[in-house]
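Here is a short briefing on one chain. Keep the sequence and the structure open while you read.

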Amino acid sequence: MEIILEYAVLDNFSIDTMLLVLSLKTLKFPICKKLVVFSSILGTVFACVSPFLVVSGAMGVIIKVLVAFIMCYIVCLSIVGAIKLLGIFLAFTFCFGGMLIALFSYLNIPTSTGILNTYVSSIPIGALLCVAMAFVYFIIKLIKIVYRRQNV
C-alpha cells in the first residue's frame, strides 16, 4: 500500500478535527481547541502508522475503536463523557464513510479503489475535504433544528 504522507496527514487531521468538533457540539460539551488538535494529531499519527501494523479483522477494529476512545478521552477528560462522545464520534464517522461510499458509487469509482487508495487516487484531497465540510455543515444545521424543537 502506497501512502503519500502529506495527504494522509491533511486528510486525517482535518476530518478527525471536524468530526470531533461536530460530536462535541452535538453533546453540548465544551470545546477546547488545544485538546481537539492534540487528539486529532494522535488520530493522524495512528492513521499513518496503522498500515504497518500486522493485525486484521476483529483485532484491527478493536484497536481502531480503542484509539478513537483515547481521542475522545483526551478531549473531555472523563470516562463517562468519553464513552458518550465515542458513540457520537463513531456514528458520525460511519455516516461520513457511508456518504463517501455512496459518492464513489455515484461517480462510478469502485469503492475498494476509493477507500484503499484515497491518498494516491485521482480524487483531489480538496474535493474530499469540501465534502467533509459540507457534511459537517449539514449535520450542524440538523442539530440546531432538533435542539430548537426541543426548546419549544
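## Briefing

Leu77 sits in the loop between α3 and α4 (79–106). The model is a predicted one. The chain holds 6 helices and 0 strands. In sequence order the pattern reads α-α-α-α-α-α.

**The chain overall**

- The chain has 152 residues, and 32% of them count as buried.
- Take the contacts between residues at least 6 apart in sequence: 72% of these join residues at least 24 apart.
- The accessible surface comes to about 9,400 Å². Carbon and sulfur atoms account for 73% of that surface.

**Two loop residues with positive phi**

- Leu77 is not a glycine, yet its phi is positive, at about 55°.
- The position of Leu77 is just after α3.
- Is Leu77 buried or exposed? Leu77 counts as exposed, with a relative accessibility of 56%. The cut-off for exposed is over 50%.
- Lys28 is another residue other than glycine with a positive phi, near 60°.
- Lys28 belongs to the loop between α1 (5–27) and α2 (33–49).
- The relative accessible area of Lys28 is 55%, so this residue is exposed.
- Lys28 also has a ring partner: it lies over the face of Tyr147. The distance to the ring centre is 3.9 Å.

**Helix α3**

- Helix α3 spans residues 57–76, which makes 20 residues.
- From first C-alpha to last, α3 reaches 29 Å. That is close to the 28 Å expected at 1.5 Å a residue.
- Which residues of α3 are buried? They are Gly60, Val67, Ala68, Met71, Cys72, Ile74 and Val75.
- These buried residues lie on the same side of α3, because they cover an arc of only 160° around the axis.
- Ala58 and Ile62 are exposed, and they sit on the face of α3 turned away from its buried side.

**The aromatic pair**

- How many aromatic pairs does a search of the whole structure find? It finds 1 aromatic pair.
- The partners are Phe96 and Phe135, with ring centres 5.5 Å apart.
- Their planes meet at 50°, so the pair is tilted. A stacked pair would need planes under 30 degrees apart, and an edge-to-face pair over 60.
- Where do the two rings sit? Phe96 is in helix α4, and Phe135 is in helix α6 (residues 125–151).
- The pair therefore ties together parts that are 39 residues apart in sequence.
- Both Phe96 and Phe135 are buried.

**Val45 on helix α2**

- Val45 lies in helix α2.
- Val45 counts as partly exposed, because its relative accessibility is 46%. Buried would mean under 20%, and exposed over 50%.
- How far apart are Val45 and Asn12, and what separates them in sequence? Their C-alpha atoms are 8.9 Å apart in space. In sequence, Val45 and Asn12 are 33 residues apart.

**Points to look for in the view**

- On α3, find the buried side, which includes Val67 and Met71. Then find Ala58 and Ile62 on the face turned away from it.
- Past the end of α3, find Leu77 with its positive phi.
- Between α1 and α2, find Lys28, then the face of Tyr147 beneath it.
- Between α4 and α6, find the tilted rings of Phe96 and Phe135.

Key. Residues numbered from 1 in each chain as written. Predicted model: local features only at pLDDT ≥ 70, side-chain atom pairs only at ≥ 80, totals over all residues. Heavy atoms only, no water. Helix = DSSP H or I, 4+ residues; strand = E, 2+ residues; numbered from the N terminus. Expected span 1.5 Å × (residues − 1). Buried < 20%, exposed > 50% of the residue type's maximum accessible area, 1.4 Å probe, protein only. Arc of directions from axis to C-beta. Contact = heavy atoms within 4.5 Å. Areas by Shrake-Rupley, 256 points an atom, 1.4 Å probe, with all protein chains shown as cover. Phe/Tyr/Trp six-rings, centres within 6.5 Å; stacked < 30°, edge-to-face > 60°. Lys NZ or Arg CZ within 6 Å of the ring centre and 35° of its normal.
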